[in-house]
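The following report describes one protein chain, moving from its overall make-up to individual helices and then to single residues.

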Amino acid sequence: MGTVLSISPATKKASIMDAELAAGDGHKNDKSLKRHSMFVSLSWKKLVSNSAKKSAKKVTPNPLPARELPSTQVAQLNSENIRKTHKTEEKKPKAPIPVPVPTVPTQNKDAIVQNGKLCTVQKQPSNLSLVSPRRIIIQASTGELLRCLGDFMCRRCFKLKELNSGEVILWFRNIDRTLLLQGWQDQGFITPANVVFVYLLCEDTIEDSIGSPAELQGTFQTCLYLAYSYMGNEISYPLKPFMIESNKDVFWEMSLRIINRLSAKMLQLNSDPHFFTEVFQDLKNQRDTVEANLDR
């Protein structure tokens, strides 16, 4: 026969209550632990946030009052600073400034490329000098140049024994005065440059074969007409003061002949200062030596 184990209900109930109490204590402990851990985490977060706020604040200490230095000490400190800066600048190595240096060939040859080959070409010597011509300054008044022109006419027309330079100058001045009085021009034509131009025409046109004062006057006035037409300030000039009625055909023939022969020189006289200087000096040399010595 077997044995039967029996358990009383009171004992079972007590054991069940003990178990429930033990379980309840365990739950309470777990809750208390959870609450405690939550409080610890909250207090730690608050501590971290407070420390971060404190560190974020900047503390500016009160500056100390600056001590005023005497003026002599300030000047001394400034001079020492300037001396130190000069010393540091002197110690720094100065880089040389690059300057382009032209290369001069040793020989008078230039290299060129022909058909892919390098060859040299010999330069021809130039006759032109690199040195600029010396400037020559010549001074003369209008009256002096007029006397030189009259002396030239008297020397060229040596057959006219009674001719003098004053008479030639009078022919020139009478024409210029007539044009002013009649209103053909507003200002006089007789200037040093215009006298040089008249001399250029007369030197080529006046011949030594002239045998009468009338012929000389007609030739001279033809040269004056061309000079006025070329160098004058007006557009046109009348023929009457320049042309003599008896030699009208001769006047036009001589005018065309002078134009065909001296047009290049007339243009050169106005464009080339060296040529003008040569003609100017040639006119000044026409002065009579006796009169020049008297002027001195």
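Helices and strands are taken here as DSSP runs numbered from the N terminus, a helix having at least four residues and a strand at least two. With elements numbered in that way, proline 241 is placed in the loop between H6 and H7. The coordinates come from a predicted model, and what follows should be read with that in mind.

**Overall make-up and confidence**

The secondary structure of the protein comprises 9 helices and 2 strands, which follow one another along the sequence in the pattern α-α-β-β-α-α-α-α-α-α-α. Of the 296 residues in the protein, 23% are buried. Among contacts with a separation of 6 or more, 66% are made by residues 24 or more positions apart.

The mean pLDDT of the protein is 73, with 55% of its residues reaching 70 or more. The pLDDT falls below 50 over residues 1–14, a stretch that has 1 contact in the model beyond near neighbours in sequence. Over residues 107–111 the pLDDT is likewise below 50, but this stretch has 13 contacts in the model beyond near neighbours in sequence.

**Helix H7**

Helix H7 covers residues 248–271, and its 24 residues should span 34 Å at 1.5 Å a residue; the end C-alpha atoms are 33 Å apart, which agrees with that expectation. H7 nevertheless bends by about 65° at leucine 262, and Leu262 is itself one of the buried residues of the helix, together with Phe251, Met254, Ser255, Ile258, Met266 and Leu269. In an α-helix there are 3.6 residues a turn, so residues three or four places apart point the same way. The buried residues of H7 pack against three helices, namely H5 (192–205), H6 (213–231) and H8 (273–284).

**Helix H3 and the cysteines**

Helix H3 runs over residues 142–156, and for its 15 residues the expected span at 1.5 Å a residue is 21 Å, in agreement with the 21 Å between its end C-alpha atoms. The N-terminal end of H3 is capped by serine 141, a side-chain oxygen of which lies 3.3 Å from the backbone nitrogen of glutamate 144. The buried residues in H3 are Leu145, Leu146, Cys148, Leu149, Gly150, Asp151, Phe152 and Met153. Arginine 155 also belongs to helix H3, but this residue is partly exposed. Its C-alpha atom is separated by 8.7 Å from that of glutamine 286, although the two residues are 131 residues apart along the chain.

How many disulfides does a search of the whole structure find? The search finds 0 disulfides. Cysteine 154, for example, is in no disulfide, the nearest cysteine sulfur being that of cysteine 157 at 8.1 Å; since a disulfide requires a pair of cysteine sulfur atoms within 2.5 Å, that distance of 8.1 Å is beyond the cut-off. Cysteine 148, for its part, is buried, with a relative accessible area of 0%.

**Accessibility of selected residues**

Individual residues can be compared by their relative accessible area, where under 20% counts as buried and over 50% as exposed, with partly exposed in between.

| Residue | Relative accessible area | Class |
|---|---|---|
| Cysteine 148 | 0% | buried |
| Glutamine 185 | 4% | buried |
| Asparagine 194 | 8% | buried |
| Proline 241 | 19% | buried |
| Arginine 155 | 42% | partly exposed |
| Leucine 170 | 46% | partly exposed |

**Surroundings of these residues**

Proline 241 counts as buried because its relative accessible area of 19% is under the 20% cut-off. Not counting residues up to four places away in sequence, proline 241 touches Ile175, Thr178, Leu179 and Gln221. Isoleucine 175, one of these partners, is 66 residues from proline 241 in sequence and 6.0 Å from it in space, C-alpha to C-alpha.

Glutamine 185 lies in the loop between helix H4 (165–181) and H5. Apart from its neighbours within four places in sequence, glutamine 185 is in contact with Asp176, Leu179, Leu180, Tyr228, Glu234 and Tyr237; Leu179 is also among the residues that proline 241 touches.

Asparagine 194 is part of helix H5, and, with its neighbours within four places in sequence set aside, asparagine 194 is in contact with Phe189 and Met231.

Leucine 170, finally, lies in helix H4. The C-alpha atoms of leucine 170 and glycine 150 are separated by 9.7 Å, the two residues being 20 residues apart along the chain, and Gly150 is one of the buried residues in H3.

Methods. Residues are numbered from 1 along each chain as its sequence is written. This is a predicted model: local features need pLDDT of at least 70, side-chain atom pairs count only at pLDDT 80 or more; totals for chains, interfaces and linings use all residues. Side-chain values use heavy atoms; hydrogens and water are left out. The expected span of a helix is 1.5 Å times one less than its number of residues. The bend at a residue is the angle between axes fitted to the seven residues ending there and the seven starting there. Buried means under 20% relative accessible area, exposed over 50%, partly exposed in between (1.4 Å probe, protein chains only). Contact means heavy atoms within 4.5 Å. pLDDT is the predictor's confidence in each residue, from 0 to 100. A polar contact is a pair of N or O atoms within 3.5 Å; within protein, one must be able to donate a hydrogen and the other to accept it, and residues adjacent in sequence count only if both atoms are side-chain atoms.
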